[in-house]
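Reader: I would like a close look at one part of this model, namely the side-chain contacts that join one stretch of the chain to another. Please take me through them in one connected answer.

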Amino acid sequence: MYVSGSPFREYKPLQPVREMRRNEFCWCTSGKKWKRCHAIREHQVQLPLPVLHSKFYNEAKVTGICFHPDAPEKCSGGAIRAHTIQKRTGLLEIAENGHVLSGRNSNPRTNTDDLQLIGINSASTFRGFCSFHDTITFRAAEIINNPTKLAAFLLSYRASCYEIYMKQVALPTLRFLRDNLDAGRSFDEQAEIQQELNAAIFSMKLGFGEHSRLKV
Ligand SMILES: [Zn+2]
Ligand SMILES: [Zn+2]
């Protein structure tokens, strides 16, 4: 949902060029000088897909931050794995032997998207709240069989926090791909790959801004 104007007018496609002045900022908007960026990209070693994949997920790892408005005051340690779907009122209802099916892709070697059984403690979680603030903020949403307006609000608030969190994770990984995905490729391929990534980064930032605004 975008409510405040037409953001896509602000979108600027990249203007890939074969030659730049060596000390100019690169056309890919990495913020690096051209001589250290796309001047040499074609001659860099192309990383094998499994390596790229695992690096991608290492980049994606964030320690987590507490989204509570009072944070970091009173925070109890680092952010925990908070559930996006309530454990007692949601996940337990559909779990079998404490497990639910997840579409989370966790096998870079086979690159499969098969559904896997995972324990409900790690299902649909994100590191968005510390234990203390998670408990006091979402207590009302845990009340079983008593859907209140407050519970509905809290669940949608948490969903918004989840989206912000995911976009926070996605941005560095997209930037990582921008610096690595087109290594060893021809100029035309670089241009195409960078154009896609540029659009992805733009929309990710836009979504991040919108959700941050909605959350407040
Ligand atoms: Zn570049
Ligand atoms: Zn906290």
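Author: The model is a predicted one. A good place to begin is the salt bridge between D188 and R18, whose closest N and O atoms are 3.5 Å apart. This pair links distant parts of the chain: D188 belongs to helix 5 (residues 187–215), while R18 sits in the segment before helix 1 (49–60), and the two positions lie 170 residues apart in numbering. R18 counts as exposed because its relative accessible area is 54%, and the cut-off for exposed is over 50%.

A second salt bridge joins the side chains of K32 and D179, at 3.6 Å from N to O. Here too distant parts of the chain are linked, with K32 in the segment before helix 1 and D179 in helix 4 (residues 149–180), 147 residues apart. K32 has a relative accessible area of 33%, so it is partly exposed. D179 is also partly exposed, because its relative accessibility is 24%.

The next salt bridge is between D182 and R41, with the closest N and O atoms 2.7 Å apart. D182 is in the loop between helix 4 and helix 5, and R41 is in the segment before helix 1, so that 141 residues separate this pair of distant parts. Both D182 and R41 are buried. Some salt bridges share partners, and in this way K32, R178 and D179 are joined into one network. The structure as a whole holds 7 salt bridges. In general, side chains of opposite charge can pair when their charged atoms come close.

Aromatic rings make contacts as well. A search of the whole structure finds 6 aromatic pairs. One of them is W27 with F187: the ring centres are 6.3 Å apart and the planes stand at 70 degrees, so the pair is edge-to-face. Because W27 lies in the segment before helix 1 and F187 in helix 5, the pair ties together parts that are 160 residues apart in sequence. Both W27 and F187 are buried.

Another pair is F67 with F129, which is edge-to-face because the planes are at 65 degrees, with the ring centres 6.1 Å apart. F67 is in the loop between helix 1 and strand 1 (79–83) and F129 is in strand 4 (residues 125–130), so this contact links distant parts of the chain, 62 residues apart. F67 counts as buried because its relative accessibility is 9%. F129 is buried too, because its value is 0%. F67 and F129 belong to one aromatic cluster, together with F138, F153 and Y157. The ring of F138 has a further contact: the charged end of R158 sits over this ring, 3.7 Å from its centre.

The last contact is made through a metal. The zinc ion (ligand 2) is coordinated by C66 (SG), C75 (SG), C130 (SG) and H133 (ND1), at 2.1 to 2.3 Å. Along the chain, these donors follow the spacing C-x8-C-x54-C-x2-H. The site has 4 donor atoms with angles of 99 to 119 degrees among them, and is tetrahedral. For comparison, the ideal angle for four tetrahedral donors at a metal is 109.5 degrees. Of the donor residues, C130 and H133 are both buried.

Definitions and conventions
Residues numbered from 1 in each chain as written. Chains lettered and ligands numbered in written order. Predicted model: local features only at pLDDT ≥ 70, side-chain atom pairs only at ≥ 80, totals over all residues. Heavy atoms only, no water. Salt bridge = Lys/Arg side-chain N within 4 Å of Asp/Glu carboxyl O. Helix = DSSP H or I, 4+ residues; strand = E, 2+ residues; numbered from the N terminus. Buried < 20%, exposed > 50% of the residue type's maximum accessible area, 1.4 Å probe, protein only. Phe/Tyr/Trp six-rings, centres within 6.5 Å; stacked < 30°, edge-to-face > 60°. Lys NZ or Arg CZ within 6 Å of the ring centre and 35° of its normal. Donors = N, O, S within 2.8 Å, 3.2 Å for Na, K, Ca; no water. Tetrahedral: all angles 85-135°; square planar, octahedral: opposite > 155°, others 65-115°.
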